[in-house]
Amino acid sequence: MIPLTELKQFIDQQPAFQVLKPWWDVFAEYICVAMLMIGVFGCTLQVTQDKIICLPGPIWTHSPFQINCSEFMLQVKPLESSTHEPNGVKTNLDLQQYSFINQICYERAVHWYLKYFPYLVLIHTLTFMICGSFWFKFPGTSSKIEHFVSVLGRCFDSPWTTRALSEVSTERRVRRREPPPGSGSGSGSGSEASLPGGEERAGSGESPPGADRGSESTLDKQEGEQAKALFEKVKKFRLHVEDSVIVYLMYIGQTIVRAIKLILITVYHSLLVLNIHVVVPCTVNIEDVTGYRHFCCNHTRAHLFYTLAVCYICFLCVYGCSCLYTLYWLFHRPLKEYSFEYVRQESGISDIPDVRNDFAFMLHLTDQYDALYSKRFAIFLSEVSESQLMQLSLDREWSADKLRQRLQKNAAHRLELHLLMVPGLPAATFQLPEIQALKLELNAELELPPATAQLTHLRELSLVNSPVRLHQAASAFLKERLKVLQVRFDSPQEVPLWMASMENVEELSLNGSLTQDGAKCLILDSLCQLHRLKILSLKSNITKLPPCLADLSSHLQKLTIHNGGTKLMATNILKKLQQLRVLELVQCDLERIPQAVASLLNLEELNLKENRLRTIEETLSHQQCQRLTCLRLWYNHIFHIPEHIKKLSSLESLYLNNNQIEAIPPQLFLCNKLQHLDLSHNRITSIPPEIGVLQSLHHFSVSHNSIEALPNELFFCKKLRHLKVTHNGLTALSPRISGLPLLTRLELTGNQLEALPPELGQCTGLKRGGLLVEESLLLTLPSDVRDRLEAD
């Protein structure tokens, strides 16, 4: 016999694929097995049994017409007993002749359907089986199915799935046991947490729920990493599958092919089954050999084959019913959309997204197998569930001691915690009330929980490409305590909407491109609500100062605009900022100092770095800026210092480095309060002797110019501490340098000096580390001077 195991390999698929086989496919598979057994049984009979037995007609039947087999069979009388003589018709044929006649009559007289029926059944059944499982073998669909089944099984068995669903169940039990509001039972003993669905959970203080939560399955580090990998796999799989419908179309196609084949096979089997006869007449032109031409043949298994054929047709009808139901199911329901509404209601996880196309179709098939698969799989589609897993891993990784070690002082001398690329805030963060500044950089979208109120010393919040949402309690806390807010963003959507509600913020820094006009107006207009804002820094690409600055005029003291080279055209709003003390317009493509600056009577510091200024006469000719103490005009194209600069009598720091200045007017030194003067990287050839007037000068730099000699009057500046004259044309250094007892930094490299004066040793504040000269020049000093410079 033919073993079924040899045929099974043609239609076998992985057992894991059973989750994608609905009940009608399983039923059809069993029907196919039954039909396959009919075919195998029929084939076995055809191979092992005699096919046909023939007897010749009587001797007088040499007529050319065909005999009636039924009448002839009645004439053949059986023997009555063994003791009587045979009274049948004598044919005088031997066994070989009968065998020959049987073979000839089988080939000529028996209908082809009766001869090949078992093989047809076998071929048709195998075809049905192949059509039913073709989508499991086709490369375009099998890869997606295999990936889906693998991910589905791992999600179903993941400990994280059990934990997430158990927390929802525990929370519901806790809510049922919670006392009514106002009863005071356990009102302050529980710690707040977040449900997978994003709902708040407050501890009730009762021991049974707490015990339940403590006994819930916990994840070790390896299981947590596996769950993280599953979330990533589900995201990638959804991206790969959800936009295609090849699995859906393949399943419809193979079902339609099965239905069409079924109709054709059923029709022709029903018509041909009537050609199965037990007794068939046979005419063979061999009378010269045997003496007979007409024979009556009996097909020994015809009745059995007829019964098998009828059973086979019945099975085809049942199989057809399953195909019709499959087509009804395919076209009656929207299988390219799958909603998790029921799962969202039952599990409480509200952010599970609906899916579509092949992803939706495979989930519909899975529901026919077991709806629990979809429910457990949905956990890994939830961003809230993923964030909760990240939070769990984060809390395990970041302990309070580890976070405390990361605390350090920032530029504002506040104790800062810097968290870079973390998926959430570790719970231990809120156990460190000493934190004064919190910096979140390159993090996913976070939410500051109510526990933020435990950071009683928090005053500064920095968000660097980190969108942050606020819980209502955290918002109320920050609204009262936050003083400094710094936001760096790539798109306006990353700017927090709650920024405008922080009414006690005194310092605000916005760093990012504002290319969308609508978003730009929304962000900048919201600044008018910050009624206590004193310092505003905008590092962006605006073309005009926002009108809302006028609403800040009563309290804004410092305004910084870093424009990245974008031309700032409208600056008249500056006239209204009468309380402004510091103004920085950096990289604003300015060709002249805005006239509005002259009206800022309280201005103390002006920074116009990296613009295109060529002259500064217009503004400095006014006398309004009498309080200006620091003027930074560095990195411009200024070629001339006007004489009017002497009117800035309060000036203490002047930065004119990296310009194109060729001469220093003596009137500059009438600003006798100057302490810091930087004229490096210009084209200056000499220093006027009037520099000796600057008795308060601490820092003087003329590096990278063309100066050949330092005036002796420079050494009258007894308070000079830093003297930088590198890369000039000096040929000698005056011995009068000994008159600078406070000198701690002297830079002389890149000149034409041949020796250093021994009087350099009388500069008691100068050490070897503060003397920047060539090594060969250092050797020209007396050994005792060198030893003193080398001494600590």
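Q: In this predicted model, how far apart are the sulfur atoms of the disulfide formed by Cys105 and Cys282?
A: A pair of cysteine sulfur atoms counts as a disulfide when they lie within 2.5 Å. Cys105 and Cys282 form such a link. The separation of their sulfur atoms is 2.1 Å.

Q: Is the disulfide of Cys105 and Cys282 left-handed or right-handed?
A: The handedness follows from the torsion about the S-S bond, which is about -90° for Cys105 and Cys282. The disulfide is therefore left-handed.

Q: Which helix and which strand does the pair of Cys105 and Cys282 link?
A: The two cysteines are 177 residues apart, and their pair links distant parts of the chain. Both Cys105 and Cys282 are buried. Cys105 belongs to residues 95–108 and Cys282 to residues 279–283, which are helix H4 and strand E4.

Q: How many disulfides does the model contain?
A: Cys105 and Cys282 form one disulfide. Cys54 and Cys297 form another, with their sulfur atoms 2.0 Å apart. The count comes to two.

Q: How many residues apart in sequence are the parts tied together by Cys54 and Cys297?
A: The link of Cys54 and Cys297 is right-handed, with 105° about the S-S bond. Cys54 lies in strand E1 and Cys297 in strand E5, so the disulfide ties together parts of the chain that are distant in sequence by 243 residues.

Q: Is Cys297 buried or exposed?
A: A residue is called buried when its relative accessible area is under 20%. Its disulfide partner, Cys54, has 2% relative accessibility and so counts as buried. For Cys297 the relative accessibility is 1%, so this residue is buried.

Q: Which cysteine sulfur is nearest to that of Cys321, and how far away is it?
A: Cys321 is in no disulfide. At 52% relative accessibility, Cys321 counts as exposed. The nearest cysteine sulfur lies 7.2 Å away and belongs to Cys317.

Q: Which residues of strand E1 point to the buried face?
A: Strand E1 covers residues 53–56, and its side chains alternate between two faces. Ile53 and Leu55 point to one face and are not buried. The residues on the opposite, buried face are Cys54 and Pro56.

Q: Which residue of strand E5 is the bridge partner of Ile53?
A: Strands of a sheet pair through backbone hydrogen bonds, either parallel or antiparallel. Strand E1 and strand E5 (residues 294–298) run antiparallel and are joined by four bridges. In E5, Ile53 has as its bridge partner Asn298.

Q: Which strands stand at the edges of the open sheet?
A: Three strands form this sheet in the order E1-E5-E4, with antiparallel pairing. An edge strand has a single partner strand, so one of its sides is left without a neighbour in the sheet. The strands in this position are E1 and E4.

Q: What is the average twist from one strand to the next in the sheet?
A: The sheet has the strand order E1-E5-E4. From one strand to the next, the twist averages 30°.

Q: Which residue of E5 is the bridge partner of Thr283?
A: E4 and E5 pair over five bridges, in the antiparallel sense. The bridge partner of Thr283 in E5 is His294.

Q: What angle does the direction of H4 make with that of E1?
A: Helix H4 packs on the sheet. This helix touches E1, E4 and E5. Its direction and that of E1 make an angle of about 110°.

Q: Which backbone nitrogen does the side chain of Asn611 reach?
A: Asn611 is placed in the loop between strand E19 (605–607) and helix H20 (617–620). At 5% relative accessibility, Asn611 counts as buried. Its side chain reaches the backbone oxygen of Lys609 at 3.2 Å. At 3.0 Å, the side chain of Asn611 also reaches the backbone nitrogen of Leu590.

Q: Is Met569 buried or exposed?
A: Met569 lies in the loop between strand E17 (558–562) and strand E18 (582–586). The relative accessibility of Met569 is 58%, and because the threshold for this class is over 50%, Met569 counts as exposed.

Q: How far apart in space are the C-alpha atoms of Arg736 and Leu714?
A: Arg736 lies in the loop between strand E24 (722–724) and strand E25 (745–747). With a relative accessible area of 44%, Arg736 is partly exposed. Arg736 and Leu714 are 22 residues apart in sequence, and their C-alpha atoms are separated by 9.2 Å.

Definitions and conventions: Residues numbered from 1 in each chain as written. Predicted model: local features only at pLDDT ≥ 70, side-chain atom pairs only at ≥ 80, totals over all residues. Heavy atoms only, no water. Buried < 20%, exposed > 50% of the residue type's maximum accessible area, 1.4 Å probe, protein only. Pairing = 2+ DSSP bridges. Axes fitted to C-alpha atoms, helices over the stretch in contact; angles between N-to-C directions. Contact = heavy atoms within 4.5 Å. Polar contact = N/O pair within 3.5 Å; in protein donor to acceptor, adjacent residues only side chain to side chain.
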